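Take a look at the protein and its ligand below. Let the ligand be your starting point, and move outward from there.

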Amino acid sequence: MDHFLYRNGSLHAEDVPVSEIAAAVGTPFYCYSSATLERHFRLFQEALAPLPNLVCFAVKSNSNQAVLRLLGSLGAGMDVVSGGEYLRAKAAGVPGDRIVFSGVGKTRAEMRQALAGGVRQFNVESEPELVALSEVAAGMGLVAPIAVRVNPDVDARTHEKIATGKSENKFGIPIARARQVYAQAAGLPGIEVVGIDVHIGSQLTELDPFRQAFAKVEELTRALRQDGHDIRRLDLGGGLGIPYERSNSAPPLPIEYGRMIQETLGHLDCEIEIEPGRLISGNAGILVSEVIYVKDGEGRDFLIIDAAMNDLMRPSLYGAHHDIIPVLEAAPGTARRPLDVVGPVCETGDTFARQRDLPEGLSPGDLVAFRSAGAYGAVMASEYNTRPLVPEVLVSGDQFAVIRPRPTFDEIINRDTIPPWL
Ligand SMILES: *Cc1c(COP(=O)(O)O)cnc(C)c1O
């Protein structure tokens, strides 16, 4: 459930008509619902409530300061994958001891920054990283708390570009080598082992791959404890999928996911960390765009809108589906017509949907909304074609605020500098 619903035929974000925001902000823009963000976060908290837990929001899915502030104020931890995201989490008021640092390519500068500012744990993805982290921490007179990210070699059965738990992926350490790596970690002066980390991919639509991975983590926990390691936290990553197509998909609910975690790992007396991104922010956001032209082509017709691949990359990057709905609800019984929904960018890849059934009668000036655009939307946006970075708006009840304004063309152009010899 989200909070983008029609009222009297007009799409609302909570209690605010989307058309009212469009009139104030201009299109295209992202619009997020506070109530939906909060609801999704609490679903995970409730699902894990029987176990000691920390729900760490995956900042890479939506890193706006207002979103992080909202979730942080509810008690969320943060999962960050870069020094920049670490600073964003801190700037939003999240204390270091609720920030988990993930990622395959942490630099020494990033390690230093997080150690100085406080960090809950580093999820270490390779032996060279472990050695580097130990050196950095010891050099600062500190000890870095770590979990080793293990790669359980399970098939997440998701899109190949977002599967991370197969042995051929670049992520983590093969689980078969984990005991060796933990032994190495225990001997390093700047390292304190606190747990195990696993993250097998994103947009998973069934529990079984998680269950397989967590069973391997359970086995590993017992083996590592036998080896004398103090395994007290299990970080299970993110990855639970969302229903991008309302009509035909129903991924597992957080409560079912939580129950499965209790079944597979609940007896180990560990603190459970999870890192959901998409399930918290995905359906909490829409991208609103205006129709520029309806173009009759040879054999297919086009809806040309003012949002483009630079604003929402997922369709061109992953072939992803987003439901597209008119902001003014079509009258019951309105005929439908297949349209290719495209942006103005000079790339054939700038196509949001092919032959999408949309209500007859959409015309220039009408508004449409892309559902499920709150995760991996604004964060991936660029200014390709010198299209200003798409603004973001947050709604709460009957109020809304611009939480990232659209830059002016002067701001964009003046970011470049001309060298003195030109
Ligand atoms: C991307 C990522 C997540 C979040 O994944 P979602 O599918 O958005 O839940 C969590 N942890 C790590 C390490 C990631 O790379």
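This is a walk through a predicted model, from the ligand to a histidine in a loop.

Start with the pocket. The ligand takes up the space of the largest pocket. Around the ligand stand 15 residues. The closest are K60, S202, E275, R278 and Y376. What kinds of residues make up this shell around the ligand? The shell divides into 3 nonpolar, 7 polar and 5 charged residues.

Now look at single contacts. S202 brings a polar side-chain atom to 2.2 Å from an oxygen atom of the ligand. E275 does its part at a nitrogen atom of the ligand: a polar side-chain atom of E275 lies 2.5 Å from that nitrogen. G277 takes part through its backbone. There, a polar backbone atom lies 2.9 Å from an oxygen atom of the ligand. How much of the ligand does the protein bury? Taken alone, the ligand exposes 380 Å², and the protein buries 94% of that.

Next, turn to H199. Find the loop between β11 (191–197) and α8 (208–226); H199 has its place there. Is H199 buried or exposed? Its relative accessibility is 15%. Buried means under 20%, so H199 counts as buried. The side chain of H199 also has a polar partner. One of its polar atoms lies 3.0 Å from the backbone nitrogen of G238.

To retrace the path, begin at the ligand in the largest pocket. Pass S202 with its polar side-chain atom 2.2 Å from a ligand oxygen. Then finish at H199, in the loop between β11 and α8.

Methods
Residues numbered from 1 in each chain as written. Predicted model: local features only at pLDDT ≥ 70, side-chain atom pairs only at ≥ 80, totals over all residues. Heavy atoms only, no water. Near = heavy atom within 4 Å. Polar contact = N/O pair within 3.5 Å; in protein donor to acceptor, adjacent residues only side chain to side chain. Areas by Shrake-Rupley, 256 points an atom, 1.4 Å probe, with all protein chains shown as cover. 1 Å grid on protein atoms, 1.4 Å probe; cavity = no way out; pocket = protein on both sides within 12 Å on 5 of 7 lines; lining within 4 Å. Sits in = over half its atoms within 2 Å of the grid points. Nonpolar A, V, L, I, M, F, W, Y, C, P; charged D, E, K, R; others polar. Helix = DSSP H or I, 4+ residues; strand = E, 2+ residues; numbered from the N terminus. Buried < 20%, exposed > 50% of the residue type's maximum accessible area, 1.4 Å probe, protein only.
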